[in-house]
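Trainee: Could we go through this one together? I'd like to start with the pocket and then look at the sheet.

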Amino acid sequence: MSVLLNVRNVTMHFGGVHALTDVSFQVMQGEFLSLIGPNGAGKTTMLRAITGVVTPQFAKVELGGVSIVGLPIHKRARLGMAMTNQIVRPFVTMNLLDNVALAAGHRRIATVLKAVSSVDKGAERKKAQELLDMLGIGKHTQENIQGQPLGVLKRLEVARALALEPKLLLLDEPLAGLNHIEAARLADVIVEINKQGLTVVMIEHNLGEVLRVSGRLVVLDNGRKIAEGDPQIVMRQPKVRAAYVGKEAEDAAA
Amino acid sequence: MGIYELSLAIIVCINIVLALGLNLITGYCGQISLGHAAFFGIGAYTVGVLAKAGFPSAVCIFAAILMAGFIGIIVGTASLRVRDDFLAITTMGVGFLFLGIIRQQEGLLGGEMGLSGIPTIGFDKPGFLVIAFIAVILCSALSLYIKRSWMGFAFDAVATDEDTAKLLTVDVAAYKLTAFALGTAMAGLAGGLYCYFTRFIMPDDFGFLTSISVLSMVAVGGIGSVPGVIIGTALLTLLPEMSTFLSDYKLLFYGAMLFAVMRFAPEGIAGIGTRVVQIYGRRGDAK
Amino acid sequence: MLYLELLVQGLIYGCMYAIIAVGLTLVYGLLRILHVAHAGLFTLGAYLGLILTNATGSLFLAMVLSGTTVGLVGMAIYRFCYKPILHKPPYVALIASIGLFIAMEEIFRLLFGPYGLTYTKVPLQQTVHFFNMNLRAVDLVIVFGSISMLGVLSWLAQKTRLGIAWRATVDDPQMAESFGVSVQKVRYLNFFIGSALAAMAGIFVSLLSNMAEPTMGGVPSYKALAIIVLGGLGNVGGTLIASIILGIVEAFGTIYVGDFLDRDAIAFAFLIIILMLRPQGLFSRK
């Protein structure tokens, strides 16, 4: 198996806060990797560093063997990575269908000239409808964003990311805010997509689902990687348990 | 139509072209500009200087469009650095900077006294109206087409949430600059026509109040809506002419109208129209 | 010698800008509104100050009365103009505010005539010797008046309960509310003080030029917008420093690049250059 994403020595601090310290890991082609750790461990910052939303003080990031450091966000996305936001950010001026159709039309909007010379949105809307159907929100397509429950918007984020036809799907807490059944169903859809060959990196707090679906874990704590490997084995490591239990206890106390 | 009505109609057409340009930048692409009059002025002064140098009118107008669009791209790069309120103030600054430069250039641009003695475009008033009307048709058609195209789709994404647009592969910078280029080019066209129409231009024609008037036309009509902008522009241009009362108190009227629309109906005339359609549409469904 | 005189010139303008801009930046800090109509209050302050000075013969009394009245008008503007549209997109309040300002200028023109009013006897015109320079008393009053007003303001903000509540609200309205601060009260107070300061600035300008005219609010107050952006929107300290810097840059600029650009264009050229280099302003908020 070849390496799809190679993250080396990512170090990032904001002011005095060390968000990430010398974190390295690799993601294999076709793998389902979960990035876990307590709140504030630096998981979201890591995804943002990969997509270019934030610029670390030091990082080497390669996608498919090509360095993407220094590329702007949209160019990294065009190389084949799609990210969903932890806090949903739909385009509120568009209905659900067009939110996804815009992403499905990523080739049409790649250059201003292409965009201005094409009008027909039929094919992209059809594709968007298929994706929304697959995620189980196909009957909401013509509705406005306002007033949609979080469960729908969370799945919309995933549909929009998939519409980019990425090589690498980065999911930031896709299951947060969903009820038990919704979460399991969405996790199943993601697993299904992964089986079809799409590489997935997921941040998730729902450990039950993480252990059920992930092929491998990377554990962050306080901006450092503390463990990596097979989910069952990793979760038995004392330092992982300590990081989790300690933080959970603190969170519960607070 | 008498000479007076013809002149009014021409001014309405010029203002519509100007306002449609701002609508592209602010309405479509979400980039607020308080300096649109500067590009109107760049178009007008380009025509003024070239026409006096003896160039044919088609060349002058074309140069006005290019010049305004070109400087528009330069100013548009500001929108890549600053957003929202900061961009509003920066573009306002560009407007004042433009005036400051014009005022100090007494040799070429006439300074405070303005440029006079600009040659005629070669048409009489009715002919001029036809040309101005064609300009309106072209700019409206272009605006409507853009809205339907994938470019309009991408503009919408940039206007709503540019950070998310980037994650969805949208080259936000390219779209913003395109919006500025097209919108300011339209302002340049309007300025060129204006210069040929009045044949005498002064710095004050292109000051902050003009920028605000154009913004009012767009906002009162309904930001982003082509029919709304056309109606809003016609209304705000013609109403002060309809009665001497309104023309004496033109600015008071403008100010009060601007305030009242934003305070009570921020979506403008187009928004009111949509609401009416929705209400009647729903009633229709109920039957 | 020229440098020193330019510096003092810049300082006088800078102080004037500061007391106009401080109200604007406070409004922005609290409400995220670019309060263009602030310029209208500045003009109103100048007119009231001039008329009351002519009527009573006392500049001091006129300043107190003008400041109080303009402060109350400012509160009314918040209540009737801004409060109902706070939840709309930012351009709505901005355009509404511009509309209000244009209407105010017109009302002044209609009420007081297009050519402006003058003092029957201009106060504070006597010449004062100061470090080898001939200054007018009014110059000194502007500099020391502004500094002491801002000093009092900063003392209020640091030391009084109300001031602490005010700063807390600027930092985090929700948090302040949960500690029992009345956000509405703070906003009214904010508009009162900011507007009263604008009135003082208006009176100072009318003293410098012996005139109050309908359009006097235009340029200095658009410039005040530039200043609060430079100062890092909502940052009071940054605004004060930016005011002084801009006053001095203008004073020197008119000598050295005055042939290409007039005073206002210099100010905005400076603004644009700084913003392109530092998009968050000279001093960012956090």
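Trainee: Which element gives the most to the lining of the largest pocket?
Mentor: This is a predicted model, where local features need pLDDT of at least 70, side-chain atom pairs count only at pLDDT 80 or more, and totals for linings use all residues. Residues are numbered from 1 along each chain, chains are lettered from A, and side-chain values use heavy atoms. Chain B has α1, α5, α8, α9 and α15 among the elements that give two or more residues, and chain C has α4 (helices are DSSP runs of H or I, at least four residues; strands are E, at least two). With five residues, the top contributor is α15(B).

Trainee: Which residues are closest to the centre of that pocket?
Mentor: The pocket holds about 1,700 Å³ of space. A pocket here is an open set of points on a 1 Å grid where a 1.4 Å probe fits, with protein on both sides within 12 Å along at least five of seven lines, and lining residues have an atom within 4 Å of a point. Of its 42 lining residues, the closest to the centre are A:T93, B:G27, B:D156, B:I223 and C:Y91.

Trainee: On to chain A: what is the strand order in the open sheet of four strands?
Mentor: Strands count as paired if DSSP finds at least two bridges between them. β1 and β4 of chain A are joined by five bridges and run antiparallel, with A:V7 opposite A:V61. The edge strands are β2 and β5 of chain A, each pairing on one side only. That fits the order β2-β1-β4-β5.

Conventions: Grid points are joined across faces, edges and corners, and a volume is the space filled by probe spheres set on the points.
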